[in-house]
Amino acid sequence: MVTRSGQRSAWAPLPRGQMGVVLDRDDLIKQLTGMLNTLTALELPRGDLVVPAIGLDPATVISYGRVNVPSNTATDGFRQADHVHVSPGEAIDYGSVVAHPTDVAAELVARLIADHRAATGLR
């Protein structure tokens with residue numbers, strides 16, 4: 001989606017596993033890199049800076065594991081989190097997103113996992 005203000009957004013579901021959806025760090029980085037590549041390939045007006053964001057909605061019944069590996073680890077922490085949104089960090093150069101989408105994706109995924117673990121009480 002592209003809004004009138006120029007904000008570009010994309011959504012995709014996490015893959016399903018035996019115990020709900022699976023948050024596979026490497027698979028999510030790959031998926032997010034593809035989204036960043038698609039969003040930056042759009043020939044639309046843009047600014048010099050971008051503030052990338054990522055979130056989980058809903059953030060319940062999530063297993064950490066590997067896609068296509070049947071033994072995933074459930075994430076039943078002592079709290080539930082309906083939504084986990086990584087607070088936008090600093091603005092980064094648009095050219096850096098274009099040149100290094102995997103690095104940007106890896107940073108966002110690391111923040112998402114840390115925030116999800118903190119929200120659910122997992123270590």
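Me: How are α1 and α3 oriented to each other?
Reply: In this predicted model, local features need pLDDT of at least 70 and side-chain atom pairs 80 or more, while totals for chains, interfaces and linings use all residues. Helix α1 (residues 25-41) and helix α3 (residues 101-120) pack with axes 8 Å apart, at an angle of about 130 degrees (lines fitted to C-alpha atoms over the stretch in contact, 0 to 180 degrees between N-to-C directions). Being neither under 35, over 145 nor 65 to 115 degrees, the pair is therefore oblique.

Me: Which residue class has twelve members in the contact of α1 with α3?
Reply: From α1, R25, L28, I29, L32, T33, L36 and N37 meet α3 residues including P101, V104, L108, L112 and I113 (heavy atoms within 4.5 Å; residues are numbered from 1 along each chain, and hydrogens and water are left out). Alongside three polar residues and one charged residue, the twelve are nonpolar (Ala, Val, Leu, Ile, Met, Phe, Trp, Tyr, Cys and Pro; Asp, Glu, Lys and Arg count as charged, the others as polar).

Me: Where is P58, and what omega has the bond joining D57 and P58?
Reply: P58 belongs to the loop between β4 (55-56) and β5 (62-64), strands being DSSP runs of E with at least two residues and helices runs of H or I with at least four. The peptide bond that joins D57 to P58 is cis, with omega about -5 degrees.

Me: Which element supplies the largest share of the lining of the largest pocket?
Reply: By class, this lining has 29 nonpolar, ten polar and four charged residues. At least two residues each come from β2 (20-23), α1, β3 (49-50), β4, α2 (94-99) and α3. The largest share, seven residues, is that of α1.
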